[in-house]
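Student: Please take a close look at the largest pocket and say what surrounds it. Start from the helices and work outwards.

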Amino acid sequence: MTLRELYRRNPILTVTGWIHWALAAVLVALILFDSRTILGINAWIKPLKFSISIAIYVWTLAWILHYVSSRKRAIQVISYGVALTMLAEISLITLQSARGVPSHFNLATHLDAGIFSVMGSMIGINSVLVCWILALFFTAKPELPLAYLWGIRFGLVIFILAAAEGVFMVIHGSHTVGAADGGAGLPFVNWSQEHGDLRVMHFAGMHALQILPLAGYWLGHWEAPERTQVSAMAGFFFLYLGVMALLFGMALLGRPVLPT
């Protein structure tokens with residue numbers, strides 16, 4: 001994948017990704033000069049994590065949406081929708097970090113609750129758009145190796161499941177199970193090393209959108225019958241689902257993935 005080809009495929013989402021990469025560079029600089037903490041970690045780490053994750057996400061969509069380019073109107077609406085919701089999301093997360101307060105599950109004031117509500121709405125709209133993308137990959141019938149096509153479809157399915165788990169986190173009121181959010185965590189990602197953490201499964205599910213299509217692309221170029229390629233892709237999908245279920249179960253039981 002080249003940046004020029006990425007831009008040719010989808011200028012809207014490519015530029016959105018560059019905005020998030022530029023923000024990530026600014027946030028790295030802020031971490032070096034601002035020692036404030038939120039829930040035990042540097043205040044700017046959370047928006048940094050989200051800016052990197054969103055940049056990867058929108059560039060992934062920029063790449064795969066090209067395969068359903070026959071649905072021009074749908075792609076335009078989806079691209080603008082994803083760009084606007086992700087820009088709104090990262091802006092609010094960064095704003096809360098600048099204020100020195102948590103962005104997620106923060107209902108301390110009417111302002112904080114309002115910001116969290118808007119963030120939830122943005123993610124909800126984005127999830128609907130991803131469901132639309134999944135529908136396009138079943139109806140537009142792009143001309144791709146079947147294993148690659150199913151890798152994209154499976155990646156979108158798991159992404160949607162991970163988004164649903166995000167709703168569960170909101171209902172739960174936190175991402176930690178067995179304690180309040182905060183405390184000892186793994187470097188950078190800050191996943192709890194003492195209690196269950198719902199973010200681990202969420203992370204694995206979000207990035208299935210890159211992992212499964214890559215697996216499908218590789219299998220699609222494997223010198224084996226097409227049926228064997230698709231069967232291997234399906235096997236990998238169910239294996240990935242099993243890992244997701246394991247991570248979710250461990251979190252619910254209050255068990256950290258990598259304890260101290």
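**From a helix end to the pocket**

Tutor: Lys141 has a positive phi of about 50° and sits just after helix 5 (helices are DSSP runs of H or I with at least four residues, strands are runs of E with at least two, both numbered from the N terminus). The model is predicted, so local features need pLDDT of at least 70 and side-chain atom pairs pLDDT 80 or more, while totals for chains, interfaces and linings use all residues. Residues are numbered from 1 along each chain as its sequence is written, and side-chain values use heavy atoms, without hydrogens or water.

Helix 5 itself has 30 residues and spans 43 Å from first C-alpha to last, close to the 44 Å expected at 1.5 Å a residue (1.5 Å times one less than the number of residues).

The largest pocket has 36 lining residues, and Phe50, Ser53, His104, His202 and Met206 lie nearest its centre. Here a pocket is an open set of points on a 1 Å grid where a 1.4 Å probe fits, with protein on both sides within 12 Å along at least five of seven lines, and lining residues have an atom within 4 Å of a point. Two or more lining residues come from each of helix 3 (45-64), helix 4 (72-99), helix 5 (110-139), helix 6 (146-172), helix 7 (199-206) and helix 8 (208-220). Helix 3 supplies the largest share, eight residues. By type, the lining has 21 nonpolar, 11 polar and four charged residues (Asp, Glu, Lys and Arg are charged; Ala, Val, Leu, Ile, Met, Phe, Trp, Tyr, Cys and Pro are nonpolar; the others, Gly among them, are polar).

Helix 3 also matters for the count in the largest nonpolar core, where it gives the most, eight residues. That core has 37 residues, and Tyr57, Leu61, Val82, Phe137 and Leu156 touch the most other members (buried nonpolar residues, Pro excluded, joined through side-chain atoms within 4.5 Å; buried is under 20% relative accessible area with a 1.4 Å probe and protein chains only, exposed over 50%, partly exposed in between). Helix 3, helix 4, helix 5 and helix 6 each give two or more residues to this core. Beyond four places in sequence, Leu156 is in contact (heavy atoms within 4.5 Å) with Ile64, Val130, Ile133, Leu134, Phe137 and Leu209.

Phe188, in the loop between strand 3 and strand 4, is partly exposed at 38% relative accessible area. Leaving aside neighbours within four places, Phe188 is in contact with Ile45, Leu48, Lys49 and Ile52. Pro187, in that loop between strand 3 (176-177) and strand 4 (196-197), is exposed at 71%.
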